[in-house]
Amino acid sequence: MYCYDNAFGLKSNPTPKQAKNFARYNIIIHIKTSLRNAMCSVKKKVLIKTYGCQMNERDTEALKVLLMEAGFTITEKEGDEDVVLLNTCSVREAAELKALGKAGRLLRKKKTHADYKVGVMGCMAAHKKELLFKKLPGLDFIAPPKALHLIPELIQQSYARHANQVAVPEPTFLNFSCYERTYSKHKAVARIPIQQGCNMACSYCIVPKTRGEQQNRPFNSILKEVKEAAQWGTKEIILLGQIVNTYHDPDSRKNFIDLLEAVQNVEAIKRIRFISPHPAFFSSQLMQAFKILPKLCPSLHLPIQSGSDRILKAMRRAYTKAKILEIVKTLRTIDMRASISTDIIVGYPGESEEDFQETVALFKDIKFDMAYIFKYSPRPLTWVAPQEQSLMKIPEKVKEDRNQYLLSILTQCSTEYNRQFMGKYQEVLIEGKAHRGEHKLFGKNIYNKKVILTGPESWINTFKHVQIGKVTASTLEEKVVEDGGTL
Ligand code: SF4
């Protein structure tokens, strides 16, 4: 196995000189890659398959730009590629098994295409590391999330040295500048990473082990990306991070509220959202931001995980049901229609029927209009002790029943929530073509509700006033479309 090193052993708090050297190193890598590409006569086509969260989707977008700058071609058509990268997720075992299965099938192509390359990036590359080479013989390279900017060079190395099993050691820092080159040109919505990793230790979560300690992106780098996206026509910004409400600029005292205000001041941006905040760090200033920043949409993703204080404590979540209710009450006082979505884990080790009923009661009380409901999946390297995992394990059948029960409540709550829009006009930012239906487009209202309407593609990235004629649990559909203004 050949290890490709970034040559700088940076500590977690680099001196300005170390940081400067790191930046200089990245420029050298960039120039070296460009020169090598100039000598490369055949443009390799790269396909990226993305699993998991919005962070992974944004990493894929950023990597596409880096690959194109390095002389590769991007293909979206499976079977057409010379190189395939799997951008993996480790949050649940099922997601890992899915990616492993896919990689195994793709590797068969090597029998007929000797030059075909398969790489694994993302969270699984961080926590399984070289074990992946054992599980997937023939795998060419692995690159953890913080090595994103090194991947074009890694592919070149793999071809130049005719080597497989190349592993990139995880750099200490993510190089946020790789997000500054916008891929979202002319897109209605841009997802902008503001931090990487997490310093919390929620007992079930593998993220701190895959994405590392929290690293906040410099304020000016975020704003640069926001302004560039705005220049390319983007109207909505979604600020992304593991715990966005703990964001602070590494070089100043600016915090998340300052960031929201700065994005609010970018004139061409009309809507702002963020994902995900942590309930424990919800300050009164953040609640007030929903009142005083008109572009901050009244749609909040609040990952509560459980409605039982006992289980929240076991999960090391550092808040109680009372705190969740306080946040929801305050937001609904500001806007009674505020949309509130959540993440919930059912079947956490030791979750009794009583605990589950507390989650049910809270769910009904808040009436979440959207929720990601997961059955607890034991993950390696997490804080749930193996003993706890086995002794207090909830049977699969119970987990499944609890999951289904919450899903049925969600359907009722979301249908009821959506019904309030029947016959009403909504300002919709049109994002793209709908998956089904000729001339069908989709967009969102300020409450993050998906609206399906009929219209030409030229409407994409414009606002329309849409009268809602039909609602389901997941969508609103048009009755009448009128030309829209902006905020
Ligand atoms: S806050 Fe908890 S659940 Fe969220 S990423 Fe950090 S450790 Fe995981």
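# A walk through the chain

Start by selecting serine 276, which sits in the loop between strand 12 (271-275) and helix 10 (284-292). Helices and strands here are DSSP runs numbered from the N terminus (H or I over at least four residues for a helix, E over at least two for a strand). What you have open is a predicted model, where local features need pLDDT of at least 70 and side-chain atom pairs count only at pLDDT 80 or more, while totals for chains, interfaces and linings use all residues. Residues are numbered from 1 along each chain as its sequence is written, and side-chain values use heavy atoms, with hydrogens and water left out.

Stay with serine 276 and look at the peptide bond that reaches it from isoleucine 275: this bond is cis, with omega near -5°.

**Zoom out**

Now show the whole chain, with its 15 helices and 20 strands. How much of the chain is buried? Of the 487 residues, 54% are buried, a label for under 20% relative accessible area (exposed is over 50%, partly exposed is in between, with a 1.4 Å probe and protein chains only). Take the contacts (heavy atoms within 4.5 Å) between residues at least 6 apart in sequence: 73% of them join residues at least 24 apart.

**Histidine 301**

Next, pick histidine 301 in strand 13 (residues 299-301). Buried or exposed? Histidine 301 has a relative accessible area of 7%, so it is buried. Leave out residues up to four places away in sequence, and histidine 301 touches Ile275, Ser276, Pro277, Ser341, Thr342, Asp343 and Tyr372. That list brings you back to both ends of the cis bond, Ile275 and Ser276. Add methionine 370 to your selection too: it is 69 residues from histidine 301 in sequence, yet their C-alpha atoms are 8.8 Å apart in space.

**Glycine 432**

Jump to strand 16 (residues 425-433) and click on glycine 432. This glycine has a relative accessible area of 8% and is buried. Its contacts, setting aside neighbours within four places in sequence, are Leu441, Phe442 and Ile460. Measure from C-alpha to C-alpha to lysine 187 and you should get 8.6 Å, although glycine 432 and lysine 187 are 245 residues apart in sequence.

**Two helices side by side**

Color helix 8 (residues 219-231) and helix 9 (residues 256-264): their axes come within 11 Å and cross at roughly 30°. The axes are lines fitted to C-alpha atoms, for helices over the stretch in contact, and the angle between N-to-C directions can run from 0 to 180 degrees. So helix 8 and helix 9 are roughly parallel to each other, the label for angles under 35 degrees (over 145 is roughly antiparallel, 65 to 115 roughly perpendicular, the rest oblique). Which residues of helix 8 and helix 9 meet? Show Phe219, Ile222, Leu223 and Val226 from helix 8, then Asp258, Leu259, Ala262 and Val263 from helix 9. By class, this contact has 7 nonpolar, no polar and 1 charged residues (Ala, Val, Leu, Ile, Met, Phe, Trp, Tyr, Cys and Pro count as nonpolar; Asp, Glu, Lys and Arg as charged; the others, Gly among them, as polar).

**Helix 6**

Select helix 6 (residues 151-160), where 9 of the 10 residues are buried. Among the buried ones are Ile151, Leu154 and Tyr159. After helix 6 comes histidine 162, with a positive phi near 50°.

**Ring hunting**

Show the aromatic side chains, which form 8 aromatic pairs (Phe, Tyr and Trp rings, using the six-membered ring of Trp, with centres within 6.5 Å; planes under 30 degrees apart are stacked, over 60 edge-to-face, the rest tilted). Phenylalanine 176 and tyrosine 179 make a tilted pair, 6.2 Å centre to centre with 40° between the planes. Both phenylalanine 176 and tyrosine 179 are buried. Tyrosine 417 and phenylalanine 421 pair edge-to-face, at 5.6 Å centre to centre and 70° between the planes; these two are buried as well. Then look for Phe256, Phe274 and Phe290, which ring pairs link into a cluster.

**Two last loops**

Lysine 129 is in the loop between helix 4 (123-127) and helix 5 (131-135). Its phi is positive, near 45°, in a residue other than glycine. Lysine 129 is partly exposed, at 44% relative accessible area.

Finish at asparagine 461, in the loop between strand 18 (450-454) and strand 19 (463-471). Here phi is near 70°, again positive in a residue other than glycine. Asparagine 461 counts as buried, at 10% relative accessibility.
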